[in-house]
Amino acid sequence: MKNIKKLLFTTLLGMILVLAACSGDENANDGANGNDAKPEDKAPITIGMNNWAENVAVSNMWKIILENKGYEVDLKAVEKAILYEGLSQKDVDIGMEIWMPITDKPYYEKHEDKIDLREPWYEGTDLALAVPEYMEDINSIEDLKGMEAKLDSEIIGIDPGSSIMELTGDVIEEYGLDYNLVSSSEPAMISELQKKMADEEPIVVTLWKPHWVFAEMDLKLLEDDKNIYGDQEDIHYGIRLGFEDEYPEVVEWFDNFKLNDDQLGSLMAELNEAESEEEGAQNWIDDNQDLIDEWVGETE
């Protein structure tokens, strides 16, 4: 009888030790994969980056900021439609550029049940015609009438088929302008703008905000009394469902993230002038560390 009791005690003690060991292993796994895990122990963060200048700029900036915090970050080049598919399918963690309430509305409405749309980080986008500030008599689209000879009856545009080119065609028709819309590319349009402004010659171009040229050139957008180009929009970021539970600190930082026109323009200008996007983003971070500290909660 004494031996039986001893055997039962030994068996019960062994079961307790096994359960304790299993519990310990489970907690260890939670520490590695859950909210308590260190940044370097978490899965890499994938940022979907479409090839728009402001998106390339902020995506490269955040890659550096997060890597400095210990996270591994992948920038995944995507078109807009693929970005939404990636977020909804959880192949992409963060999308930096969601224009609302107009431009991205069709994409967002298709996936809104599977995407967490966050607050805007940039407010007040614009599509418009622009001229140099020294063209003092030209302040609205209507003012272009009678200026055909000085402007060679040309509006210098970008790639055919882009939304701003289609809208500019509507502007020419709706305002009754006797101008030709010249298709080119964004670099070619900017090159022509720089050449004309160097000699203070008149020029009118298609342009939009945010854009780095506003940080380096004195330009003004022409008033659009008929609102053909539409109302201003905001740029939001979005995350896949579940990301906030796994990376709450990162979401908090991104929610704090705001850029005004001058700040975003200077960031884009740094990337444009540097030999690489990473170098430009790092240069801007070095000059704006106080602002970044406000986002990531490191102010004193």
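**Salt bridges, ring pairs and backbone features**

The side chains of D255 and R118 meet in a salt bridge, with N and O 2.7 Å apart. D255 belongs to helix α9 and R118 to strand β4 (residues 115-123), so this contact ties together parts of the chain that lie 137 residues apart in sequence. The two partners differ in their cover: D255 is partly exposed, at 26% relative accessible area, while R118 is buried, at 13%. The contact also has company, as salt bridges with shared partners join D116, R118, E244 and D255 into one network. The model described here is a predicted one, and it holds 13 salt bridges.

Two further salt bridges are worth a look. In one, E109 pairs with K105, and the closest N and O atoms are 4.0 Å apart. These residues are 4 positions apart in helix α4, and therefore about one helical turn separates them. Both ends of the pair are partly exposed, E109 with a relative accessible area of 45% and K105 with 40%. In the other, the side chains of K196 and E201 meet at 3.3 Å, N to O. Here K196 counts as buried because its relative accessible area, 18%, is under the 20% cut-off. Its partner E201 is partly exposed, with a value of 33%.

Charge also gathers without such pairing. On the surface, E166, D170, E173 and E174 form a patch of negative charge. One of these residues, D170, sits in helix α5 (residues 163-175) and is partly exposed, at 36% relative accessibility. The loop that runs between α5 and β7 (180-182) contains D178, which is exposed at 57%. The C-alpha atom of D178 lies 6.7 Å from that of S153, although 25 residues separate the two in sequence.

Attention now turns to the aromatic side chains. A pair of aromatic rings is described by how far apart the centres are and by the angle between the planes. The structure holds 12 aromatic pairs. In the pair of W62 and F254, the ring centres are 4.0 Å apart and the planes meet at 25°, so the rings count as stacked. W62 comes from helix α2 (residues 53-68) and F254 from helix α9 (residues 248-256), so the pair ties together parts 192 residues apart in sequence. Both rings belong to buried residues, with relative accessible areas of 0% for W62 and 1% for F254.

A second stacked pair is formed by Y84 and Y107, at 5.3 Å centre to centre and with 15° between the planes. This pair links helix α3 (residues 80-88), which holds Y84, to helix α4 (residues 105-111), which holds Y107; the two residues are 23 apart along the chain. Their surroundings are unlike: Y84 is buried, with a relative accessible area of 0%, whereas Y107 is partly exposed, at 33%. Beyond single pairs, W62, W121, Y122, Y237, F254, F257 and W295 are linked by ring pairs into a cluster.

Helix α2 offers another link between separate stretches of chain. V58 is placed in this helix and is buried, with a relative accessible area of 0%. Its C-alpha atom is separated by 7.6 Å from that of M96, a residue 38 positions away along the chain.

The backbone also has some features that merit comment. Most peptide bonds are trans, and most residues other than glycine have a negative phi. Against this background, the bond that joins M100 and P101 is cis, with omega about 15°. P101 is found in the loop between β3 (94-100) and α4. A further cis peptide bond runs from K209 to P210, with omega near 10°, and P210 is placed in the loop between β8 (205-209) and α7 (213-216).

Positive phi values occur at K90 and E200. For K90, phi is near 65°; this residue lies in the loop between α3 and β3 and is exposed, with a relative accessible area of 51%. For E200, phi is near 50°. E200 is found in the loop between α6 (186-198) and β8, where it is exposed at 58% relative accessibility.

How values were computed
Residues numbered from 1 in each chain as written. Predicted model: local features only at pLDDT ≥ 70, side-chain atom pairs only at ≥ 80, totals over all residues. Heavy atoms only, no water. Patch = residues over 30% accessible without salt bridge, like charges linked within 9 Å, V, L, I, M, F, W, Y side chains within 5 Å. Areas by Shrake-Rupley, 256 points an atom, 1.4 Å probe, with all protein chains shown as cover. Lys, Arg positive; Asp, Glu negative; His and termini not counted. Charge placed at Lys NZ, Arg CZ, Asp CG, Glu CD. Buried < 20%, exposed > 50% of the residue type's maximum accessible area, 1.4 Å probe, protein only. Phe/Tyr/Trp six-rings, centres within 6.5 Å; stacked < 30°, edge-to-face > 60°.
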